[in-house]
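Student: I would like a close look at one part of this model, the place where the two chains meet. Could you walk me through it?

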Amino acid sequence: MHNYLEFEKPIAELEGKVQELRHLTGSEEVNIADEVGKLQTKVEKLLKSTYAKLSPWQKAMVARHANRPHTVDYIRDLITEFTPLAGDRAFAEDSAIIGGMGRFRGESVVVIGHEKGADTDTRIKHNFGMAKPEGYRKAQRLMKLADQFHLPVVTFVDTPGAYPGIDAEARGQAEAIARSIEVCLSLKVPMVSVVIGEGGSGGAIAVATANQVLMLEHSIYSVISPEGCASILWRDKEQNQVAAEALRLTAQDLLKLGVIDSIIAEPLGGAHREPAAAIATVGEGIENALAEYAGLDGGVIKAKRREKFLEMGKHGLS
Amino acid sequence: MNWLKSWVRPKLRELVGQKEIPDHLWHKCPSCEEMIFHRDLEKNLRVCQHCGHHMRLNAKKRCELLFDDGEYTSIELKSPIVDPLKFKDRRKYSDRLKESQNKTGDDDAILVAHGTMGANKVVVAAFNFEFMGGSMGMAVGEGLLAAARLAVMQRAPLIVVPSSGGARMQEGILSLMQMARSTIAVEEVREAGLPYIVLLTDPTTGGVSASFAMLGDIAVSEPGAMIGFAGARVIEQTIRQQLPEGFQRAEYLYEHGMIDMVVHRTDLRDTLIRIVGLLCNPGASGELVSLEPAPKKKTVSDVDEVGEDPTPATFVDPDAIVVDAIDPNDDKKD
């Protein structure tokens with residue numbers, strides 16, 4: 001039922017025992033409830049200690065966890081009257097990036113996010129969250145729409161990266177990403193981005209050049225995937241873990257580097273264990289971030305965003 | 001046939017005697033593999049005389065080629081924080097940096113210079129592929145911002161010449177952030193109403209192509225330049241298909257509507273001078289002729305008399321340009 005990650009084996013074993021015992025509750029022994037309770041505490045302790053010291057590579061695994069809430073889940077729980085909008089008005093509709101209008105806490109917003117899909121069918125439909133130029137051009141269109149009608153923009157970032165393919169290149173993948181960044185920077189409405197899973201390079205920053213970038217505790221954001229980095233710089237695909245360390249792709253490191261603005265805590269054992277709770281916390285994070293721009297002049301909002309990116313890189317990690 | 005190489009050839013050499021050919025006198029064209037004498041290569045602007053292949057130019061050679069009489073002033077760039085992530089792969093990033101600095105004599109992969117082209121002031125930011133593949137990290141981002149600000153200060157167009165594999169992995173997320181920062185540089189030039197021209201050269205890929213390099217008001221490329229987002233190898237691995245001939249080359253991008261023109265290196269300077277002239281000196285040459293007779297000769301001063309015309313001084317009313325063209329520079333001088 002639950003998808004355990006490799007490093008979660010001890011947790012899986014314990015929870016397996018709990019399950020077994022629960023099946024025995026038919027018998028009248030009182031001790032079982034006690035035993036279950038004890039084991040449950042043990043599980044929690046183990047989860048806590050495991051998740052408190054996840055390595056960057058383990059975080060990458062959690063960030064890509066199949067049960068982790070995706071953009072569709074966030075939209076379902078946080079946005080009312082969601083009205084999906086489609087197409088780049090030039091070539092196609094690309095479901096790797098979904099978006100539309102809706103209400104967040106009662107107010108109209110434009111929402112854009114990468115969607116990876118949750119099973120084989122939807123994964124194929126959404127191309128595993130890897131957008132083609134038409135996806136980025138749709139995002140540009142929606143951001144401009146938001147600007148036109150003075151609606152805040154909320155984006156959810158969850159992509160392995162932009163799609164590497166012949167057709168994507170032929171239609172100007174590079175230009176589409178570049179132009180998206182440019183549109184993000186031009187907005188006179190507040191823009192808040194949340195990295196909910198995987199922030200994969202150019203495909204991520206294309207919709208995350210925002211006033212505030214929030215990251216879930218166990219999400220990652222990087223210039224290149226650990227696998228890609230390992231095969232290029234180490235010429236050895238087995239060096240994923242080392243590459244993940246070196247890249248400093250965790251929310252914790254990125255906050256220290258001033259690249260993101262805040263970290264959103266995840267439920268014990270990761271967002272995939274309690275999606276609803278994780279989504280609710282993200283909702284609060286977005287609300288707080290947007291509140292900072294309430295009543296500000298559009299020019300000021302744009303200038304603040306620009307200033308934030310210009311300030312980056314003043315200090316490194318010690 | 002190995003014995004031919006390993007035994008016969010050395011024996012023959014012993015008999016004939018090794019010819020001393022200093023290897024820097026002759027270059028082999030990486031495309032057609034013909035030998036080119038070094039003087040011919042330089043005379044031909046490092047374009048192969050046999051097949052027309054454009055070899056890479058380093059930033060200094062690029063500037064010599066572009067500026068009037070090859071003369072320019074380079075500006076000193078603020079050096080950013082070195083090795084912000086304390087990155088180490090098989091080697092330390094700080095060591096790789098030092099090695100590149102020693103090899104090239106440059107601080108990083110970008111050269112920012114100003115001077116004139118066809119007597120027009122221009123600012124050029126040229127990438128040096130020899131420096132860690134021209135990769136974009138903090139220093140390159142700072143260089144592009146400095147170039148943009150210099151252009152704004154001098155009221156000059158900005159010409160950027162990328163030659164880069166993309167983001168500098170060793171600076172991790174901070175190199176990714178340069179995609180946003182370099183786009184801010186472009187915006188600053190745009191907002192000042194100045195032309196932003198990109199001269200794409202081999203190669204322009206990854207995070208560099210997916211930011212400032214694809215945002216030019218005008219996009220010019222050298223022939224055969226590799227331009228694209230994803231690397232050919234990555235694409236091949238993903239789709240498990242052979243890539244089409246000429247894929248991601250300048251001509252391919254031209255055919256797909258991604259760039260304005262592909263220009264041979266010998267015509268490059270003249271083309272850029274013409275572009276800069278057209279954008280910066282509208283009507284200055286006195287050759288602008290309106291096809292239909294204008295109802296009344298209007299001049300800029302007529303427009304001014306109308307009253308509170310908010311038209312800025314540097315803007316020339318197109319209606320005002322009749323046969324006797326007005327030099328817009330006249331009102332810039334005060």
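Tutor: Gladly, and one term comes up front: a salt bridge here is a side-chain nitrogen of Lys or Arg within 4 Å of a carboxyl oxygen of Asp or Glu. Please keep in mind that this is a predicted model. With that rule, the side chains of Lys302(A) and Glu191(B) form a salt bridge, with N to O at 3.0 Å. Between chain B and chain A the count is 4 salt bridges. Polar contacts can be tallied too: 13 residue pairs across the interface of chain B and chain A qualify, both residues being at pLDDT 80 or more.

Now for the elements on the chain B side. Those that give two or more residues to the side touching chain A are helix H5 (138–154), helix H6 (172–191) and helix H8 (232–239) of chain B. Of these, H6(B) gives the most, with 15 residues. Sorted by class, the side of chain B that touches chain A has 28 nonpolar, 12 polar and 10 charged residues.

Let's step back to the whole contact. Chain B brings 50 residues to it and chain A brings 49 residues. Together, chain B and chain A bury about 4,200 Å², and 70% of that is on carbon and sulfur atoms. Three residues deserve a look in your viewer: Met169(B), Ile173(B) and Phe229(B) supply 15% of the area that chain B buries against chain A, more than any other three residues.

How values were computed. Residues numbered from 1 in each chain as written. Chains lettered and ligands numbered in written order. Heavy atoms only, no water. Contact = heavy atoms within 4.5 Å. Buried area = accessible area lost by both parts, 1.4 Å probe. Polar contact = N/O pair within 3.5 Å; in protein donor to acceptor, adjacent residues only side chain to side chain. Helix = DSSP H or I, 4+ residues; strand = E, 2+ residues; numbered from the N terminus. Nonpolar A, V, L, I, M, F, W, Y, C, P; charged D, E, K, R; others polar.
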